[in-house]
Amino acid sequence: MGAEREQRRLAAILVADVVGYSSQIGADEAGALARLRSVRDMTDGLIAEHQGRVFKTTGDGFLAEFPSAVQALRCAIAIQTGLGKQADSLKLRLGLHQGDVVARDGDLLGDGVNIAARLEPLAEAGGICISARVREDAIGKIALDTLDMGEQRLKNIDRPIRVYRVRLEPAERAALALPDKPSIAVLPFLNMSGDPEQEYFADGMVEEIITALSRVRWFFVIARNSSFAYKGKSPDVRQVARELGVRYVLEGSVRKAAGRVRITGQLVDALTGAHIWANRFDGTLEDVFDLQDRVTASVVAAIEPKLRAAEIERAWRKPTENLQAYDLVLRAQAHLHARTREPIEEALRLLDQAIAIDPDYMRAVALKARMFQLRRVWGIVLPDHPSITEAARLARLAGEEARDDPEVLWMAALTITVVGGDHTGGLSLIERSLALNPNSADALMVGGAIHGLRGDVGTAVSLMDLAFRLNPMSLEAHTLQIFRCYVHFASGQYGPALEWAEKALLQLPDLLPVLRARIPCLSMLGRAEEARAGVTRLLAGRPAETISIARALMKTIFLTPGSLNAFLDGLRRAGLPEA
């Protein structure tokens, strides 16, 4: 009898949950219940239409089974597209995985179900998160646009799962207005070397071209993170231009072999589809920086004939003439967004090698300072670790020596502000950075944060809005959102501060600085129960967290005693231990 009632099989599992349902019930129980019934009527119909079945409900959510990942994903897209057309509808988060399940008395159990359930909270409101297995099955069968979130450690799952967010085209999406000056996006160059290890070199080449173009005041240049959202794809340039709000798109390839480099590029007017410029550059690795200059100068001349190549030459400053050190820094930059010990330590090792080769290479110095800072941010070292003092020293050195490198200047400004508490010095470096490169989304973000923490919220919001406009598809939007949370909290605007914290958590649900910052916002808004739950969630990810650690971390962010005391008091009232 047991064998008849229990059966193991492969299935695609869709898990759905309503965003913010409890608060909606509290505000309008009858209305929320009516909207939930309407949503379930629609989703039940779509599930049946795609040969699925609901096998479990969870009050405001459900779990559904499908015979294939393709049918399940088509259903998920149809659900979110349909709900997106209803202005007053509830929003769902959807998680989707295909795996082994055990069928027992009409219910389904096993990793296939558990992984889908863990993917659901990673989705944005109105979004879909899928596992790599679902994506692999769907490629070629569904027109799929995804954002790689990397390997994620999911609760109670003993192996990392590679996760993707599905990009859904909104039902009505207003086109971004073109700026009043030449606007360009540089797409990732194709690595033609035949060696996956050289991917970093092609990416680094594009970063240098973006940086050089950004230094020209006459250009509106889309930031790297947004351009690199198209990496690994073959998008239509007109679609790219619509999504990023630019007129010109630069594509290209890099081939590196036997000590030589070949760069090809073509510039397209996306409004007409016309090819404005195409060229090929060959050279040895020893003159790779000259190749970058030539590509950039040609693009400038093609877009705006009045600009002279000499203006690019004056703006462009080679980071170092030592290609070996440059190569090491490119490798270290690949670990810039890591949040765990091993990749950050590897980056520090590479940077130490680069600095040993070229002690005057200030980009390596500034990046090392930032890696020290990131170890502190992610809780890898305690706030009073000796490397924190060293980070501030390195950042000041880089800021003093790198007089005309805007990227070094904003990185140095961020570090001396966050770990050194020197907001005045940080703002001075940001002003120099923006004078050299007014298109730097990173410098605008840091500058906005410093202005806001010094009490100028209006300037802060203006700069941060421009940072988002220059980088509308940033993978690092959570950093901007963290800063906006801090700025509003420092000015006593606890409601907006909480909103920005919640937005950051939608991107990265376990983001330690935001988990910490969200708690005082809730406390100050009188939401004591949620604040206590926030402490439980924080301690689950960082058991050693205390008021003492929070004070050491935040005293360089909130310089005014009132804002720092309010932050710590909010943590204290929510139950965070003192020490």
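**Exercise 1. In this predicted model, find how many bridges join β2 to strand β3, and in which direction the two strands run.**

Step 1. Locate the strands: β2 covers residues 53-57, and β3 covers residues 61-66.

Step 2. Look at the pairing. Four bridges join β2 to β3, and the strands run antiparallel.

Step 3. Pick out one pair to anchor your view: K56 stands opposite L63 in β3.

Step 4. Now follow the chain around the turn. The hairpin of β2 and β3 has three residues between the strands, and G59 takes a positive phi there, near 85 degrees.

Step 5. Go back to the loop that leads into β2. Between α3 (29-49) and β2 lies Q51. The phi of Q51 is also a positive value, near 60 degrees, although Q51 is a residue other than glycine.

**Exercise 2. Work out which strands are joined to β8 by bridges, and decide whether β8 is mostly covered or not.**

Step 1. Start with β6, residues 128-131. Four bridges join β6 to β8, and the two run antiparallel. Within this pairing, S131 stands opposite V163 in β8.

Step 2. Turn to β7. Five bridges join β7 to β8, again in an antiparallel arrangement. Here E151 stands opposite R162 in β8.

Step 3. Recall a rule for reading such strands: in a regular strand, side chains alternate between the two faces of the sheet.

Step 4. Check the cover. Five of the six residues of β8 are buried, so the strand is mostly covered, with buried meaning under 20% relative accessible area.

Step 5. Compare this with the loop between β7 (146-152) and β8 (161-166), where N156 lies. N156 has a relative accessible area of 65%; because the cut-off for exposed is over 50%, N156 counts as exposed. Its phi is positive, near 65 degrees, in a residue other than glycine.

**Exercise 3. Trace the chain from β12 through β13 to β14, and state how many residues lie between the strands of each hairpin.**

Step 1. Begin with β12 (residues 248-257) and β13 (residues 260-269). They run antiparallel and are joined by 10 bridges. One bridge to look for links L250 with its partner L267 in β13.

Step 2. Inspect the turn. The hairpin of β12 and β13 has two residues between the strands, and A258 in the turn has a positive phi of about 50 degrees.

Step 3. Move on to β14 (residues 274-284). β13 and β14 run antiparallel, with 10 bridges joining them. V268 stands opposite H275 in β14.

Step 4. Finish at the second turn: four residues lie between β13 and β14, and G273 in that turn has a positive phi of about 80 degrees.

**Exercise 4. Step back to the whole chain: what radius of gyration would a compact globule with 579 residues have, and what does the chain have?**

Step 1. Take stock of the elements: the chain has 25 helices and 14 strands.

Step 2. Compare the radii. A compact globule with 579 residues would have a radius of gyration near 25 Å, and the chain has 25 Å, so the two agree. The C-alpha atoms fill a box of roughly 80 × 55 × 45 Å along the principal axes.

Step 3. Consider the cover and the surface. Of the 579 residues, 55% count as buried. The accessible surface comes to about 24,900 Å², and 50% of that belongs to carbon and sulfur atoms.

Step 4. Turn to the contacts. Among those with a separation of 6 or more, 66% involve residues 24 or more positions apart.

Step 5. Close with the charges: the mean positions of the 71 positive and 73 negative charges are 1 Å apart.

Notes:
Residues numbered from 1 in each chain as written. Predicted model: local features only at pLDDT ≥ 70, side-chain atom pairs only at ≥ 80, totals over all residues. Heavy atoms only, no water. Pairing = 2+ DSSP bridges. Rg over C-alpha atoms; globule rule 2.2 N^0.38 Å. Buried < 20%, exposed > 50% of the residue type's maximum accessible area, 1.4 Å probe, protein only. Contact = heavy atoms within 4.5 Å. Areas by Shrake-Rupley, 256 points an atom, 1.4 Å probe, with all protein chains shown as cover. Lys, Arg positive; Asp, Glu negative; His and termini not counted. Charge placed at Lys NZ, Arg CZ, Asp CG, Glu CD.
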